[in-house]
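Thanks for coming, everyone. Please bring up the sequence and the model, and we'll walk through it together.

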Amino acid sequence: MPIAPFLGPLLGLIGIFESGRHYRDDKKDAALAAINDALIETKKYLEEGGGAKCADRTREFELAKLWSDAAVKARHASNELAARLNDKSLYWSD
């Protein structure tokens, strides 16, 4: 499964943080760290599957939690970004 089409739009939204100077740095840092954690764990999970459809529900629920945490933290910067991150959470929980 190619990772770029799956995560590409998300990476483009990270630029929102750079344009929103009125947000506190610690909230931006926490959101970016949470997004990075979710992104890295998602990549690892997909790579471990070797291109085959992965089916480890325990890991998928962990990914859903990571994306949900990122959504909560990103809401301070962008409702649109938070909604997209929440969609990622729902994807992995389904």
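**Salt bridges, rings and helix α3**

Let me start with one residue. Glu48 is exposed, at 54% relative accessible area. Keep in mind that this is a predicted model.

What does the side chain of Glu48 meet in a salt bridge? The partner is Arg59, at 2.6 Å from N to O. Arg59 lies in helix α4, residues 57-74, and Glu48 in helix α3, so this pair ties together parts that are 11 residues apart in sequence. Now look at the burial. Arg59 is buried, with a relative accessible area of 17%. Glu48, as I said, is exposed. So this bridge has a buried end and an exposed end.

Let me step back to the whole chain. There are 5 helices and 0 strands. From the N terminus, the order reads α-α-α-α-α. The chain has 94 residues, and 35% of them count as buried. Its exposed area is about 5600 Å², and 55% of that comes from carbon and sulfur atoms. Now take contacts between residues at least 6 apart in sequence. Of these, 66% join residues at least 24 apart.

Next, helix α3 itself. It covers residues 25-48, which is 24 residues. From first C-alpha to last it reaches 34 Å, close to the 34 Å expected at 1.5 Å a residue. Which residues of α3 are buried? They are Lys28, Ala31, Ala34, Ile35, Ala38, Leu39, Thr42, Tyr45 and Leu46. Look at the spacing in that list as you turn the model. An α-helix has 3.6 residues a turn, so residues three or four places apart point the same way. After α3 comes Gly50, with a positive phi near 60 degrees.

One more residue in α3 is worth a stop. Leu32 sits in this helix. Leu32 is partly exposed, at 25% relative accessible area. Which residue is its C-alpha 7.8 Å from? That is Ala70, 38 residues away along the chain.

Back to salt bridges. The structure holds 5 of them. We have seen Arg59 with Glu48. Here are two more.

Inside α3, Lys44 and Glu41 meet at 3.1 Å, N to O. They are 3 residues apart, about one turn of the helix. Lys44 is partly exposed, at 39% relative accessible area. Glu41 is also partly exposed, at 25%.

Inside α4, Arg57 and Glu60 meet at 2.6 Å, N to O. Here too the spacing is 3 residues, about one helical turn. Burial is split in this pair. Arg57 is partly exposed, with 33% relative accessible area. Glu60 is buried, at 9%. For Glu60, the reason is simple: 9% lies under the 20% cut-off, so the residue counts as buried.

Arg57 has another contact to show. Its charged end sits over the ring of Phe61, 4.4 Å from the ring centre. So Arg57 takes part in a salt bridge with Glu60 and also places its charge over Phe61.

Last topic: the aromatics. How many aromatic pairs are there? The count is 2. Tyr45 and Trp92 form an edge-to-face pair, 5.6 Å centre to centre, with 80 degrees between the planes. This pair links distant parts of the chain. Tyr45 is in helix α3, Trp92 is in helix α5, residues 79-93, and the two are 47 residues apart.

Trp92 also pairs with Tyr91. Their ring centres are 5.0 Å apart and their planes stand at 85 degrees, so this pair is edge-to-face as well. Together, ring pairs link Tyr45, Tyr91 and Trp92 into a cluster.

Buried or partly exposed, for each of the three? Tyr45 is buried, at 3% relative accessible area. Trp92 is buried too, at 4%. Tyr91 is partly exposed, at 43%.

To close, back to α3. Through Glu48, this helix is tied to Arg59 in α4. Through Tyr45, it is linked to Trp92 in α5. Those are the two places I would show on screen while we talk.

Conventions: Residues are numbered from 1 along each chain as its sequence is written. This is a predicted model: local features need pLDDT of at least 70, side-chain atom pairs count only at pLDDT 80 or more; totals for chains, interfaces and linings use all residues. Side-chain values use heavy atoms; hydrogens and water are left out. Helices (H or I, at least four residues) and strands (E, at least two) are DSSP runs, numbered from the N terminus. The expected span of a helix is 1.5 Å times one less than its number of residues. Buried means under 20% relative accessible area, exposed over 50%, partly exposed in between (1.4 Å probe, protein chains only). Rings of Phe, Tyr and Trp (its six-membered ring) pair if their centres lie within 6.5 Å; planes under 30 degrees apart count as stacked, over 60 as edge-to-face and the rest as tilted. A charge sits over a ring if NZ of Lys or CZ of Arg is within 6 Å of the ring centre and within 35 degrees of the ring normal. Contact means heavy atoms within 4.5 Å. Accessible areas come from the Shrake-Rupley method with a 1.4 Å probe; for residues, only the protein chains shown count as cover. A salt bridge is a side-chain nitrogen of Lys or Arg within 4 Å of a carboxyl oxygen of Asp or Glu.
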